[in-house]
Amino acid sequence: MARSISYITGSQLLSLRRQPNIAIIDVRDDERGYDGHIAGSLHYASGSFSENISNLIQQVKGKDTLVFHCALSQVRGPTCARRFANYLEDVKEEAGIKNIMVLERGFNGWEASGRPVCRCSDVPCKGEVA
């Protein structure tokens, strides 16, 4: 049975994002570098996402909720979330992931709502907000 993917609002994510069991996965491509990003998010560009899923699984060990987003969360974010869910199904790997979510309105909606944006160039982002 296919794993379900749900949506999370920016308000919900704002209140949950500092919990240690959540990882935010930014699948935007080059625009992350000049638009900023959600503090603490991991960057896995959509263009090379499929080749890097096994790296992502290693990087999110200990997390049970992953929140994917792109600029608007209309194509790349949901597509990568589905690819990740399908990968877990195909390899029969649980990896401890219970929830796969997509951020409604994506990064653009997050930023437009006045939520905190980080402009660091650290990889991975250490989570400071500019």
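How many bridges join strand 2 to strand 3? Select residues 22-26, which make up strand 2. There are 2 bridges to strand 3, and the two strands run parallel. Keep in mind that this is a predicted model.

**The sheet**

Now show the whole sheet. It is open, has 5 strands, and follows the order 1-5-4-2-3 with parallel pairing. Look at the edges next. Strand 1 (5-8) and strand 3 (42-43) stand there, each with a single partner strand, so one side of each has no neighbour in the sheet.

Add helix 4, residues 76-90. Helix 4 packs on the sheet and touches strand 1, strand 4 (65-69) and strand 5 (99-103). The direction of helix 4 makes about 170° with that of strand 5.

**H43, in an edge strand**

Select H43, in strand 3. The bridge partner of D26 in strand 3 is H43. Measure along the sequence and H43 and D26 are 17 residues apart; C-alpha to C-alpha, they are 4.9 Å apart in space. H43 is partly exposed, with a relative accessible area of 35%. Beyond its neighbours within four places in sequence, H43 is in contact with D26, R28, D29 and R32. Zoom in on R28: its backbone oxygen lies 2.6 Å from a polar atom of the H43 side chain.

Stay on R28. Its charged end sits over the ring of F107, 4.1 Å from the ring centre.

**S46, in the loop**

Move on to S46, in the loop between strand 3 and helix 3 (53-59). Is S46 buried or exposed? S46 is buried, at a relative accessible area of 13%. Leaving aside neighbours within four places in sequence, its contacts include V27, R76, C80 and R83.

**The ring cluster**

Select F49, F68 and F84, which ring pairs link into a cluster. Begin with F49 and F68. This pair is edge-to-face, 5.9 Å centre to centre, with 75° between the planes. F49 lies in the loop between strand 3 and helix 3 and F68 in strand 4, so the pair ties together parts 19 residues apart in sequence.

Then turn to F68 and F84. Their ring centres are 5.8 Å apart and their planes are at 50°, so this pair is tilted. It links distant parts of the chain: F68 in strand 4 and F84 in helix 4, 16 residues apart.

Show the surface here. F49 is buried, with a relative accessible area of 0%. F68 and F84 are buried too.

**Last stop**

Finish at W110. R115 lies over its face, 5.7 Å from the ring centre.

Key:
Residues numbered from 1 in each chain as written. Predicted model: local features only at pLDDT ≥ 70, side-chain atom pairs only at ≥ 80, totals over all residues. Heavy atoms only, no water. Pairing = 2+ DSSP bridges. Helix = DSSP H or I, 4+ residues; strand = E, 2+ residues; numbered from the N terminus. Contact = heavy atoms within 4.5 Å. Axes fitted to C-alpha atoms, helices over the stretch in contact; angles between N-to-C directions. Buried < 20%, exposed > 50% of the residue type's maximum accessible area, 1.4 Å probe, protein only. Polar contact = N/O pair within 3.5 Å; in protein donor to acceptor, adjacent residues only side chain to side chain. Phe/Tyr/Trp six-rings, centres within 6.5 Å; stacked < 30°, edge-to-face > 60°. Lys NZ or Arg CZ within 6 Å of the ring centre and 35° of its normal.
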